[in-house]
Amino acid sequence: MKFFHSIGQISLQSLAKLGRSTLFLSAIINSLGYPLLRPKLLIRQIYSVGVLSFWLVAISGLFVGMVLGLQGVYTLSTFGAESSLGIMVAASLVRELGPVVSALLFAGRAGSALTAEIGLMKTTEQLSGMEMMAIDPLKYIIAPRFLAGFISLPLLAALFSAIGIWGGYIAGVELLNVDVGAYWSQMQSAIDFYDDIVNGIIKSIIFAWIITWIALFEGYDATPTSAGISRATTKTVVNSAFAILLFDFLLTALMFGTS
Amino acid sequence: MISINKLSFARGDNKIFNNISLTIQPHKITAIMGPSGTGKTTLLKLISGQLKPDSGSIMINEQNVHQLSRKNLYALRQKMGMLFQSGALLTDMSVYDNIAFPIREHTALPESMIRTLVLMKLNAVGLRGAKDLMPSELSGGMARRVAMARALALDPEMIMYDEPFTGQDPISLGVLVKLIATLNQTLQLTSIIVSHDVQETAAIADYIYLLSAGKIAGQGTPEELYSSDSAWVQQFMQGKPDGPVPFHYPAQDYQNDLLAH
């Protein structure tokens, strides 16, 4: 009996949280005009969540590309198909690894920082203080961060893919002597702008939406104690990772499932 | 005038207020006092519309706070200042910008005028020289004075102080007590102080409400409360460790407990 009681309680709590987070999202969407009218607020947040994540994404992209290059050459050489390395590296990056890995890194770097920042602002009554000054924290604090995440992640994912392709070039062409012409020309002929690149961008836009929503909500909904912020930050990273991988599967099935 | 009518509020099964009514007179300092956990801060949050009561109403200038639209509630809050226990200063802004923040957001005044206003507010709390410091560089007492200057930034009609004296050294405490009294008199504010520091609060309050267990346990001027017949009021006002509020949390017999093993 106790078991069923616990299941019921957890289900109700989860549904209530889903409801709160949906209301929170709709309130953010209603407030999105504000940071567009106050570009300074938006630019500061793009710097904080986007620019400061650049090196993490760039270096990770380089190494992921290099590993793809190495593994690609070893596997493709079994079939004498090293010349297809460029397609393999580029397709893997723009379709999957670029959006997914940059989103996972973004959740760990920027998502957790957003949750901790908002949670701490709640704990130190800064959000209540704003409310009392008749300044809506959703407009002033939350909306610029949401929009900044939304703008930054697709750009970071594009950079990840571009640097990864360059990493694949270093490993495959410079180190393992794959033909340079084949690397670029095969990539150019096989990668489709709409099917591959646009679909990858759509994925990273959806991931940006999910991560910033989770991160901001977890911070806003955090229990205002140090343990509460710690729990919220962990939840942001874990829930974002699950959501990214789940949505990646769903989006891949939708985008590439029938082709 | 602020009037609270038959207010009830609960968190889960815990009834914080049970049908309480009280009135806060304009241009006076009214203190809400009581032991920790009696819902004093909750009452301020209810008055400012941050929380909604389960029943009853809070009227400010003939307006029911909890029936106002968000826009009208924000308009009302521009006439309210609130000093939070933590100060609630925005940590990524300097002292100057913290005080300029509400003025910039709610007015179209030129920056030169905002500067004059900010310096006047900071001068009133004695911290004009600290305008370029960041909140992390301020002591607890200074942070509260900056928060006070920010609460006054929009020239409110009323101001609410949440535990303004907690954790202050004797000098800061004296400064804060004097400031609250002076500002109230000079600016003709309606002040509400929530506190459990009896001596400091009673020294400047015109009227005191004592809260306990969701009810008003006593009310009156400080003199009336000091001479009250109620044992509970006396225990609280004199700070006696034992009385109607027992020193010991309910427990089984001491001797039996010691010899239990």
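Axes, in these legends, are lines fitted to C-alpha atoms, for helices over the stretch in contact, and angles between N-to-C directions run from 0 to 180 degrees. The model shown in every view is predicted.

**Figure 1. Helices α5 and α9 of chain A pack against each other.** Helix α5(A) covers residues 85-123 and helix α9(A) covers residues 193-220. Their axes are 8 Å apart and form an angle of about 15 degrees. Because angles under 35 degrees count as roughly parallel, α5(A) is roughly parallel to α9(A). The crossing of these two helices is right-handed. Sorted by class, the residues of the contact are 15 nonpolar, 10 polar and 6 charged.

**Figure 2. Chain A is built with 10 helices and 0 strands.** Along the sequence, the pattern of chain A reads α-α-α-α-α-α-α-α-α-α. Taken along the principal axes, the box filled by the C-alpha atoms of chain A is roughly 65 × 55 × 30 Å.

**Figure 3. Chain B contains both helices and strands.** The chain has 10 helices and 10 strands. Its C-alpha atoms fill a box of roughly 70 × 40 × 40 Å along the principal axes. The radius of gyration of chain B is 20 Å, which agrees with the value near 18 Å for a compact globule with 261 residues.

**Figure 4. Six strands of chain B form an open sheet with mixed pairing.** The order of the strands is β6-β7-β8-β3-β9-β10. At the edges are β6(B), residues 80-83, and β10(B), residues 215-220, each of which pairs on one side only. Neighbouring strands of this sheet are turned against each other by 15 degrees on average, with direction ignored. Helix α5(B), residues 140-151, lies across β6(B) and β7(B), the latter being residues 158-162. This helix runs at about 170 degrees to β6(B).

**Figure 5. Strand β9 of chain B pairs with β3(B) and with β10(B).** Strand β3(B), residues 29-33, and strand β9(B), residues 207-212, pair in the parallel sense over 4 bridges. Within this pairing, Ala31(B) has Ile208(B) as its bridge partner, and Met33(B) has Leu210(B). Strands β9(B) and β10(B) instead run antiparallel and are joined by 5 bridges. Here Leu210(B) stands opposite Gly218(B) in β10(B). Leu210(B) thus appears in both pairings, as partner of Met33(B) and opposite Gly218(B). Strands β9(B) and β10(B) form a hairpin with 2 residues between them. In the turn, Ala213(B) has a positive phi of about 50 degrees.

**Figure 6. Four strands of chain B form an open antiparallel sheet.** The strands are arranged in the order β2-β1-β4-β5. Strands β2(B), residues 14-24, and β5(B), residues 63-64, stand at the edges; each has a single partner strand, so one side of each is left without a neighbour in the sheet. Strand β1(B), residues 2-11, pairs with strand β4(B), residues 55-60, in the antiparallel sense over 5 bridges. In this pairing, Ser8(B) has Ser55(B) as its bridge partner. Helix α1(B), residues 40-47, packs on the sheet and touches β1(B), β2(B) and β4(B). The direction of α1(B) makes about 120 degrees with that of β1(B).

**Figure 7. Helices α3 and α4 of chain B cross at roughly 125 degrees.** The axes of α3(B), residues 95-106, and α4(B), residues 111-124, come within 9 Å. The crossing angle makes α3(B) oblique to α4(B). The crossing is right-handed. From α3(B), the residues Tyr96(B), Ile99(B), Ala100(B), Ile103(B) and Arg104(B) take part in the contact. They meet Ile114(B), Leu117(B), Val118(B), Lys121(B) and Leu122(B) in α4(B). The residues of this contact divide into 8 nonpolar, no polar and 2 charged.

**Figure 8. Chain B is in contact with chain A.** On the side of chain B there are 14 residues in contact, and on the side of chain A there are 10. Helix α2(B), residues 70-77, strand β6(B) and helix α3(B) are the elements that give two or more residues to the side of chain B that touches chain A. Helix α3(B) gives the most to this side, with 3 residues. By class, the residues of this side of chain B are 7 nonpolar, 5 polar and 2 charged.

Note on methods. Residues are numbered from 1 along each chain as its sequence is written. Chains are lettered from A and ligands numbered from 1 in the order in which they are written. This is a predicted model: local features need pLDDT of at least 70, side-chain atom pairs count only at pLDDT 80 or more; totals for chains, interfaces and linings use all residues. Two strands pair if DSSP finds at least two bridges between them. Two residues are in contact if their C-beta atoms, placed from the backbone, lie within 7 Å. Angles under 35 degrees count as roughly parallel, over 145 as roughly antiparallel, 65 to 115 as roughly perpendicular and the rest as oblique. A crossing is left-handed if the near helix is turned anticlockwise from the far one by less than a right angle, and right-handed if clockwise. Ala, Val, Leu, Ile, Met, Phe, Trp, Tyr, Cys and Pro count as nonpolar, Asp, Glu, Lys and Arg as charged, and the others, Gly among them, as polar. The radius of gyration is taken over C-alpha atoms; the globule rule is 2.2 Å times the number of residues to the power 0.38.
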